[in-house]
Amino acid sequence: MKPSKIILPSRISSLKQLNRLLNSVAYKGRRYFILTDENTGVHCLPRLITEVEAFQESEFLEIESGEQNKSLEIAAELWQALEEMGADRQSVLVNLGGGVVSDLGGFVAAGYKRGISYINIPTSLIGMIDAGVGGKTGVNLGGLKNQVGFFHFPEVVCIEPVFLETLSAKDWTSGVCEMLKTFMVADAQMYASLVDTLKSDHPVMDNEMIKAAVHIKDGIVKADAYDTGIRKMLNYGHTVGHAVESFSMAHDAEPLSHGQAVGIGLIAETFISSKKMGFPGERLEELKELVSAMVPMPKYEMKDMEELLGYMLADKKNHDGNINCTLLGDLGETVVDNIVTEVDLCEALMMLGKIGRA
Ligand SMILES: NC(=O)c1ccc[n+]([C@@H]2O[C@H](COP(=O)([O-])OP(=O)(O)OC[C@H]3O[C@@H](n4cnc5c(N)ncnc54)[C@H](O)[C@@H]3O)[C@@H](O)[C@H]2O)c1
Ligand SMILES: [Zn+2]
């Protein structure tokens with residue numbers, strides 16, 4: 001694995017740094033194909049093209065927004081479009097968008113002509129602190145999340161927080177949930193700062209918090225790029241979270257976002273952590289309060305359990321038919337590869353519906 005070059009905001013804006021990099025000799029003569037979705041095409045593309053000269057001669061590809069477009073069908077359409085526009089093995093795909101654009105675009109880059117380079121320019125908070133970094137690409141299949149994918153690492157990741165100005169409140173919340181996860185598993189101090197920020201009357205996310213989350217993710221990826229060891233700690237909240245997300249996509253007119261589902265998964269898996277690993281009860285209560293103030297809690301019935309457990313059993317993290325989960329003894333005390341029983345999971349899922357009720 002060749003490590004990605006990560007551009008972070010400093011005294012010089014990230015887009016200016018990217019402009020300099022792409023004007024350097026190493027990048028001369030490359031052709032760029034910029035992938036956006038319908039929102040980032042409007043809110044982010046004009047600024048990108050104005051500030052990065054190398055992109056002024058680019059070709060453009062656009063998908064509709066939404067998780068349902070992270071699919072093999074859309075990937076095939078993009079491969080076809082790249083072929084028709086004459087993209088060759090030296091071409092570079094530029095993913096300008098949230099996690100859907102970077103997961104799908106990375107997947108398309110990994111497969112096109114057996115692999116072309118790509119650059120991620122994440123525009124959502126989830127994209128910046130998680131999805132855009134680390135080379136996991138993929139699409140959903142048959143209602144199951146990320147079932148088909150490749151490890152294919154971006155050549156450059158450019159984190160430019162100015163793009164967050166147009167993000168919706170729901171997508172902010174999603175990013176905050178994923179950030180809570182990152183700090184819960186790896187940095188108790190940053191977790192405390194994020195909790196303080198969220199509890200304040202006018203929460204403002206500063207660049208230092210974003211940078212800290214990116215450093216954590218990048219450090220873990222460098223230590224275990226192919227997810228065989230410590231990288232699994234970043235799956236915290238995701239065994240339940242992915243099942244909650246798939247269930248919502250199958251049943252709700254307005255499905256939960258990935259990050260909202262992760263917020264719910266964090267509560268469920270912290271509940272199990274408190275029972276099995278002694279995770280402090282008062283921190284669990286604080287997490288419940290914080291997340292339930294931002295994300296609607298699902299009220300499941302017993303008849304829903306079979307479907308939810310089915311999604312968890314199909315999860316890539318499992319082996320030998322057991323459901324595997326990352327758990328926490330406390331903030332920063334992560335234990336990967338715990339087998340969790342169906343009884344524990346059902347109890348955690350049913351508990352969600354009682355949060356906030358007397
Ligand atoms: N590969 C990984 O390591 C990894 C990690 C975390 C999440 N993910 C994946 O990422 C996806 C979730 O990411 P997401 O929440 O960014 O989803 P997303 O890409 O669907 O973005 C959410 C919404 O925000 C809009 N948007 C994005 N940037 C915007 C901007 N600057 N201004 C206005 N609107 C903007 C998008 O159009 C979309 O409607 C899921 O598919 C998840 O599985 C992958
Ligand atoms: Zn996630």
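A residue counts as exposed if 12 or fewer other C-beta atoms lie within 10 Å of its own, and as buried if there are 20 or more. Keep that rule in mind as you look through these close-up views of a predicted model.

**View 1. T50, a residue of helix α3.** T50 sits in helix α3, which covers residues 45-51. Is T50 buried or exposed? T50 has 11 C-beta neighbours inside 10 Å, so by the rule above T50 counts as exposed. Now look for E38 as well: T50 and E38 are twelve residues apart in sequence, and their C-alpha atoms are 19 Å apart in space.

**View 2. Two domains and where they touch.** The domain assignment divides the protein chain into domain 1 (5-166) and domain 2 (169-203 + 228-352). Notice that domain 2 is written as two stretches of the chain. From one C-alpha centre to the other, domain 1 and domain 2 are 28 Å apart. How many residues does each domain bring to the contact? Domain 1 brings ten residues, and domain 2 brings 16 residues. On the side of domain 1 that touches domain 2, α6 (125-131) and β7 (144-148) each supply at least two residues. The most comes from α6, which gives four residues to this side of domain 1. Sorted by class, this side of domain 1 has four nonpolar, three polar and three charged residues.

**View 3. The shell around ligand 1.** Here you can see ligand 1 with the 32 residues that surround it. Which residues are the closest to ligand 1? They are N39, G98, G99, V100 and S124. Both domains take part, as the shell draws at least three residues from each of domain 1 and domain 2. Several helices and a strand each supply at least two residues of the shell, among them α2 (38-43), α5 (99-111), α7 (169-186) and α11 (258-276). You have already met α6 and β7 in the view of the domain contact, and each of them also supplies at least two residues of the shell around ligand 1. By class, the shell holds seven nonpolar, 17 polar and eight charged residues.

**View 4. Two residues with a positive phi.** R114 has a phi near 65 degrees, a positive value in a residue other than glycine. You will find R114 in the loop between α5 and β5 (117-122). R114 has 7 other C-beta atoms within 10 Å, so R114 is exposed. The other residue to find is N146, which is not a glycine and yet has a positive phi of about 50 degrees. N146 belongs to strand β7. With 18 C-beta neighbours inside 10 Å, N146 counts as partly exposed.

**View 5. Helix α8 and its two faces.** Helix α8 runs over residues 188-199. At 1.5 Å a residue, its twelve residues should span 16 Å, and the end C-alpha atoms are 16 Å apart, which agrees. Which residues of α8 are buried? They are M190, Y191 and L194. These residues cover an arc of only 105 degrees around the axis, so they are on the same side of α8. An α-helix has 3.6 residues a turn, so residues three or four places apart point the same way. The buried residues of α8 pack against α7 and α9 (207-223). Turned away from that buried side is a face with the exposed residues Q189, A192, D196 and K199.

How values were computed
Residues numbered from 1 in each chain as written. Chains lettered and ligands numbered in written order. Predicted model: local features only at pLDDT ≥ 70, side-chain atom pairs only at ≥ 80, totals over all residues. Domains from an automatic or database assignment. Contact = placed C-beta atoms within 7 Å. Nonpolar A, V, L, I, M, F, W, Y, C, P; charged D, E, K, R; others polar. Near = placed C-beta within 6 Å. Expected span 1.5 Å × (residues − 1). Arc of directions from axis to C-beta.
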